[in-house]
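Here is a quick tour of a small set of helices and how they sit together. Have a look at the sequence and the model first, then read on.

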Amino acid sequence: MHSESREQQHHHKREAASRIRRAAEQRHLDAGDIARLTGLPPGQARAILSGFGDTVPLRALDRTATALSD
């Protein structure tokens, strides 16, 4: 069972999505680029870049943020 509250998870998701968007902007990446670089499904990459990162599973957000920060 996950120990984070729903509110904490939501905040964590927003932070991860923001990191992904910033990295994408800095590197001039679109959703297709993010999907190819990280293995994230293209629809989830589009959701993140469109401001709907809260619809993407937390693990996927964390994995993508970590991959783009390298």
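## Helix α4 and its two faces

In this predicted model, helix α4 (residues 58-69) tucks away L58, A60, L61, T64, A65 and L68, which are all buried (buried is under 20% relative accessible area, exposed over 50%, partly exposed in between, with a 1.4 Å probe and protein chains only). Look down the axis of α4 and these buried residues fall within an arc of 160°, so they line one face of the helix; the arc is that of the directions from the helix axis to the C-beta atoms. The face turned away from them carries the exposed residues R59 and R63.

What lies over that buried side? The cover includes α1 (6-27), α2 (31-38) and α3. As for length, α4 has 12 residues and reaches 16 Å from its first C-alpha to its last, close to the 16 Å expected at 1.5 Å a residue (the expected span is 1.5 Å times one less than the number of residues). Helices here are DSSP runs of H or I with at least four residues, numbered from the N terminus.

## Helix α2

Helix α2 has its own buried set: A31, I34, A35 and T38. They cover an arc of only 100° around the axis, which puts them on the same side of α2. On the other side, R36 and L37 are exposed. The buried residues of α2 are covered by elements including α1, α3 and α4.

Now for the two ends. At the start of α2, a side-chain oxygen of D30 comes to within 3.1 Å of the backbone nitrogen of G32. After α2 comes G39, with a positive phi near 85°.

## A closer look at T38

T38 is part of helix α2, and its side chain has two backbone partners to show you. One is the backbone oxygen of I34, at 2.7 Å; another is the backbone nitrogen of L40, at 3.2 Å. Leaving out residues up to four places away in sequence, T38 touches T64, A67 and L68 (a contact means heavy atoms within 4.5 Å).

## The nonpolar core

Which residues have the most contacts inside the largest nonpolar core? They are I20, I34, L40, I48, V56, L61 and L68, in a core of 17 residues. Such a core is a set of buried Ala, Val, Leu, Ile, Met, Phe, Trp, Tyr and Cys residues joined through side-chain atoms within 4.5 Å. The elements giving two or more residues to this core are α1, α2, α3 and α4, and the largest share, 5 residues, comes from α1.

Take V56 as an example: it touches K13, Q44, A47, I48 and L61, again not counting residues up to four places away in sequence.

## The loop at H28

H28 sits in the loop between α1 and α2. Its phi is near 55°, a positive value in a residue other than glycine. H28 is exposed, with a relative accessible area of 69%.

## How far to trust it

The chain has a mean pLDDT of 93, and 96% of its residues reach 70 or more (pLDDT is the predictor's confidence in each residue, from 0 to 100). Among the elements, α4 has the lowest mean, 94, and helix α3 (residues 42-49) the highest, 97.

Residues are numbered from 1 along each chain as its sequence is written, and side-chain values use heavy atoms, with hydrogens and water left out. Because this is a predicted model, local features need pLDDT of at least 70 and side-chain atom pairs count only at pLDDT 80 or more, while totals for chains, interfaces and linings use all residues.

Terms used
A polar contact is a pair of N or O atoms within 3.5 Å; within protein, one must be able to donate a hydrogen and the other to accept it, and residues adjacent in sequence count only if both atoms are side-chain atoms.
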